[in-house]
Each structure stands twice: as C-alpha cells, then as structure tokens.
2 protein chains.
Amino acid sequence: MKSTIYDVAKAAGVSIATVSKVVNQTGNISVKTRERVLHIMKELQYQPSVVASALTGKKTSTFGLLISDLANPFFAEVARNLEDQAQAAGYSIVMCSTDNKDDKGLNYISLLQRKQIDGLIVACQFSQWSLLQDSLNANFPVVLFSKDIPSLSMHTVTVDDYRGGYQAIQHLISLGHSRIGVVTEDSPSGDHRVRGAKQAMNDAGIAVNDDWIVKVKSSIEEGCEGAAHVLQRDTRPTALFTCNDLLAVGSMQSAQQSGLRVPEDLSIIGFDDTILSKIVVPRLTTISQPIQEMAKETVQLLLRQSDTPDMPKQKIVFQPQLVEGLSTQPLQAK
Amino acid sequence: MKSTIYDVAKAAGVSIATVSKVVNQTGNISVKTRERVLHIMKELQYQPSVVASALTGKKTSTFGLLISDLANPFFAEVARNLEDQAQAAGYSIVMCSTDNKDDKGLNYISLLQRKQIDGLIVACQFSQWSLLQDSLNANFPVVLFSKDIPSLSMHTVTVDDYRGGYQAIQHLISLGHSRIGVVTEDSPSGDHRVRGAKQAMNDAGIAVNDDWIVKVKSSIEEGCEGAAHVLQRDTRPTALFTCNDLLAVGSMQSAQQSGLRVPEDLSIIGFDDTILSKIVVPRLTTISQPIQEMAKETVQLLLRQSDTPDMPKQKIVFQPQLVEGLSTQPLQAK
DNA sequence: TTGAAAGCGCTAACAA
DNA sequence: TTGTTAGCGCTTTCAA
C-alpha cells in the first residue's frame, strides 16, 4: 500500500503538520527533524498525493491543451514544445484533439475543469468563439496559441500571420513573379495570411486575381484539389502561396498531376516549416514560426496568470521567418 | 465561485448523500427527488470535482502515456489514436515525451503516480527495462505499446515485427531482388524486424551480407548516413529495407545524393506507413501497422486491469500489412 | 427512501 | 519549533 503523510509522521515521531512543512519547505523546522523526516520519507518511498493537496486548494500542476489534431505534424510539433516548456516548470499536459469541433472542445473543457487543471492552452479553432469564453470562469488562466481572435479578451501568443503572408509574396515578387495564386485554409490565421499576401501584391503594384485565390479545408487532399482549380485555368499563375505546409504538399501533388514541374514551371511557397516541408522534393520554401519561443511564452503567460489573476490581457506576436528551399525560383523568361 | 455538492444539497433541501447518489446513480432515490436534484444541478451548473472523488478512492479517469517523441509523426499518430480510444471510454491522457531517456521516463512515472492516474501506456524505450518494472506498483495497470520486452511481465500490444520484416523482404525477393541491404534502428522492434528479414532471405536461399546491414539511431539524418555506408560500397545492394519510415526517407535522400534513382536503381521499402511515406516521391512502399486497432486493444486492456487487477498478463499481436507504393520495382536486367 | 457521520490525504491557521 | 484541528468536496456505510 502507498504510504501517506500519517505513516511518515508516525515513523518519524512527529505530527503530520511537521511532515507537511518539510515537504513544502514552509514554516520553521529544525535541521534535525527535517533530516529525520526526509530520511523516513525516502525509506517509506513517500510520494505526496497531488490529489489530496489539490483538494486543499493547491495546484494540480496540470495544463490542458486543446489542439486541432495531434496527428497533424504542425500541431504535433506545437504539442511537443509546449510539453517541454510545461515540464520544465513542473507541469504536465493533458492533450485534447478537438478536430475543430465546438462540441468536442466544450466537452473537453468541462472535463478539464472537473479535473481542476491550472490552465488551458487553446490551439484549435471554434466556429463560435464566444462559446469558449462563456465556458470558462472569468479569471481562469487561458492562452490562445497561434490564434488571434479580436473578439476575445484573452492572452494570446501568435506569429504575425499578416506579415508572414506579406513576406511570402514579397519573396515571390523578388523572384520576378507577378502572376501569383493563393491556396488558403478557412481559418482566421489563413485570412490574416491572405490579407498580408494581398497587401504585398498591392504594394508592388501587382494585380490581385481573385480567380487564383481558393479557400479550402486544411488537408493534403483539399490542397491538391484547390490547387487544381487554379492551375487548370486557361491562364494560370507562375507561383503559388499556400497558407500551410499541408496545402503546399497537396499543391505540389496537383502540379505534378498537371505535368507542371516545381519550381521550373511553378514556384510554391508554404507556411509553417514542418517536417513535411523538409522531406518533400524539392525542399519547400516556407515561412517558419518560432514554435519553441512561442511555447515558452505561452507557458510563462499561464504561470503568471495563476499568480496575478487579473493581470492585463496581453498579446505576444512573434515574427515569422522566410526559409528558402528549392520549391521557388526566379521566373523563367518565356 | 464554483458550486459544490453542499450548495446543491442545500438548494434542493436534501442531504449531500442524496445528491451524491443521484450524481452517481447509486442507491435508491425517488423519482421526485432525483428530478429536483437534477434540476438544481443544472441551475447551479454543478460540476462534480474529480479531485475530491478521486480522494475517496475513485478513479481520476486519466491515463499517462510515455512516448518517445510526440513530434515524430509515427508517435503522433499513435498518440492521437490512443487519445481517441481513451476519450471514448471517458478518459483523458497526459502525454509525456521521454526521448527514450530512462531518467525522464522515471521522473514522469513518479509524477504520474502522485497524480493518481488510473493506468499507464508505455510507448517509449528504456535502456534498462527493469527500472520500469521496479518503479510501478505490482498491480498497477500498464500496457506496453508496440514494444515486446520478454524480460518484462506486462500486458503488451504489438505488431508482429518479425513477420513485418519477413514480409518486407519477401516482397523484395518477389520482385527479383537478391542483393538486399538493411538500415535498422537500434531498438528491440528494429531487431525483431531484422531477424524476420534475415529469416526471409535464408528461406529464399539468399545470402545475408552483413556489410549491407547498418544499425543507426532513428532519424532522417542517421538514415541518410546509414544508407550511404551501404550504398557507397564497391558492390551495393539493389534494394533496401529500412526499419521505419524516417530511415526510409533518409535513405531516399542518400540515394539521391549518390545519384541513384528510386526505384529504377534502388528499391526501398519502409515500415510504419506514416504520413511521411505518403508524401514522399516516389510514394514509399512500406509495412503498415493497424494503429487504431492496437490503440483500441490497449485502452481495453487498461480498463480491464482496473476491474481485474490480477488478470493474467496477455500479449496481443497484430499482423502488419504490406502497402505497395512506388519506391519498389522489379529488378532491372542489366 | 433519505440522512448523519466518518474518512480519503493534505494544508494552514492557531496554539502551545 | 512543533502539534492540534478544522476543513477541502466527495463517497459510503449504517441508521433512521
């Protein structure tokens, strides 16, 4: 049977209060008793129960992570980085894939609250974001990860999606491209990226062709279909900006099916710099997010909220970075 | 403030025992009081505390998952499937990436025990497996996932690695290959797969060339280097069996660097059928594991162990399946 | 059919 | 410096 604080107290000939104090390093305990208690604890392999201490109002040292789909390489990487940062702070993470379904997310939240988690990271989408807000207690620690939802008054850590889109297009333009298509994902981030993309075209005096902009669900298959729509037109773009790597991979497949070579006939630039972009041939040019830094800030933000429940909401925006691969090249003169 | 069982009891004019009974559907409660209590619960948005009920000896409805690296696509997929199955049973999962480090794993286990999880899934490696056994209470529910460790008396769910290796080689042989190299991972599974591979060669009367067998760490980079060792010899194999998809991708890169075309000059067959194998060009021929089924059995096994602590240890072995891609082809006559 | 009360393992005043 | 004790929110006998 597992030993409790009572067992330790009895064996050490002290009260449970004393044991509690040495465990938590609170109060004043003589070196001698501390040593003795510590020794007994080891002997009995005493492990303080997180459950019992949580019941008295202390932390569970657990965060919840609502994520779209753990099997998606981008989110898997996000999860891993968050886990690392949390672990460094003594926390563990309960992973919850919501598939971006509101009800799944809401169910998880309710369950997580019953489990008394100390904070929540939201890295999935909601179709009705207000439901998220409503299901959470006013000062419950939350951070929106990689989602910038203006209607929500919540701490947020994101990459500058707008700027990322802008950079992507800027890169294509610098290579001489002016006929640029866009395959985007139906999400707030996707929208921001596209806005940035359009702005870059405008700033360069390049016409935005709405026929070349398609919005799809985030998957390789849909990316492939979406790109096909654009590529099979009479006049097609010479370069494609896709709002994430999954769509980029799909677009590369579509190009191949259309007999177009990447990058000779079509340049493609993605977003996220996941493992996919690294193994695809040609290596994808893409926009990378500093996931590790973002994860670090996210955990810090969660931690600080526990101490300062009413701290002013803040939004931390990281700058994306262009990673040049082999999927883009200067426009060939015809 | 969150409402407790006392609030509900008071509002409903009953005792907390009664509320507890309607919540847990135990004992005999008149329809009338039940309805009333239920109604009040809704009104007060009462959420029973998992922490408090766990303290009285009930479950936390939480499993721990020790996994090598959540960012690895194969493990991410495993994690996702386990999460789905657990969720269907009302459980959530705490994810712990150990990077196959014993101390990391052990620390997590200790933490998880303090959190009173109801079961543990081990899908990572230990260099000293006995440490795992020692750190766990005798009848604590555990399942080894995709690791077959004979020295450990634990419930196990695996794919038949030996057979998978055998099938891979059989496939290559059926295509006419007889000069076959192997790039494997330093792990028990890897070893099983290689044993199966060698057996298949023996059975076909094909010589096993140990110079063509390299054992590396599981990563794209090491796969690339490992394959290079084999491919840069004076006489090189015409086909390569790699013990997982990461190594396969690395090997494909190595082949490319050596100016070898896949599959014209070199056939490559992988293992796992992850997303990587699907996006790589040419699409990888590989051996797939029925991850979903495996996840399902794993969760069932965990659940049953809670009910029947001393149930006889069992090992469930699933059959792998060949997935034909485009990275293998019949041996070309020279 | 309902309720009183003990207890789960721990924390935190408050006393001593 | 140490100990006593009252909870934390819930489950579960055992009585009523």
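Here is a walk through this predicted model, from its two DNA strands to its inner spaces and a few spots in chain A.

A little housekeeping: residues are numbered from 1 along each chain as its sequence is written, chains are lettered from A and ligands numbered from 1 in the order in which they are written, and side-chain values use heavy atoms, with hydrogens and water left out. As the model is predicted, local features need pLDDT of at least 70 and side-chain atom pairs count only at pLDDT 80 or more, while totals for chains, interfaces and linings use all residues.

Let's start with DNA strand C. There are 26 residues around this strand, and I5(A), S20(A), Y46(A), T18(B) and K21(B) come nearest; a residue is near a molecule or strand if one of its heavy atoms lies within 4 Å of it. Sugar and phosphate make up 67% of the atoms of DNA strand C that come within 4 Å of the protein. Now for some polar contacts, meaning pairs of N or O atoms within 3.5 Å (within protein, one must be able to donate a hydrogen and the other to accept it, and residues adjacent in sequence count only if both atoms are side-chain atoms). In S20(A), an N or O atom of the side chain sits 2.7 Å from a phosphate oxygen of DNA strand C. S15(B) uses a polar backbone atom, 2.9 Å from a phosphate oxygen of DNA strand C. With A52(A), a backbone N or O atom is 3.3 Å from a base nitrogen of DNA strand C.

Which elements give two or more residues to the surface near DNA strand C? They are α1 (5-12), α2 (16-24) and α4 (50-55) of chain A, together with α2 (16-24) of chain B. Helices (H or I, at least four residues) and strands (E, at least two) are DSSP runs, numbered from the N terminus. The most comes from α2(A), which gives four residues to the surface near DNA strand C. By class, this surface near DNA strand C has eleven nonpolar, 13 polar and two charged residues. Here Ala, Val, Leu, Ile, Met, Phe, Trp, Tyr, Cys and Pro count as nonpolar, Asp, Glu, Lys and Arg as charged, and the others, Gly among them, as polar.

On to DNA strand D. This strand is surrounded by 27 residues, the closest being T18(A), S30(A), I5(B), S20(B) and Y46(B). Of the atoms of DNA strand D that come within 4 Å of the protein, sugar and phosphate account for 62%. The side chain of Y6(B) has an N or O atom 3.2 Å from a base nitrogen of DNA strand D. The side chain of N24(B) places an N or O atom 3.0 Å from a phosphate oxygen of DNA strand D, and a backbone N or O atom of S49(B) is 3.1 Å from a phosphate oxygen of that strand. Two or more residues each come from α2 of chain A and from α1 (5-12), α2 and α4 (50-55) of chain B. Near DNA strand D, α2(B) gives the most, with four residues.

Next, the empty spaces. The structure holds one cavity of 30 Å³ or more, and the largest cavity has a volume of about 240 Å³. On a 1 Å grid over the protein atoms alone, a cavity is a set of points where a 1.4 Å probe fits but cannot get out, while a pocket is an open set with protein on both sides within 12 Å along at least five of seven lines; lining residues have an atom within 4 Å of a point. Grid points are joined across faces, edges and corners, and a volume is the space filled by probe spheres set on the points. The largest cavity is lined by 17 residues, with T62(A), K115(A), T60(B), T62(B) and K115(B) closest to its centre. Among the elements, α4(B) gives the most to this lining of the largest cavity, three residues.

The second largest pocket holds about 1,300 Å³ of space. Its lining has 41 residues, and R114(A), Q116(A), K2(B), S49(B) and V50(B) are the closest to its centre.

Finally, chain A. Strand β5 (residues 155-159) pairs with β11(A) in the parallel sense over four bridges; two strands pair if DSSP finds at least two bridges between them. T156(A) stands opposite K315(A) in β11(A).
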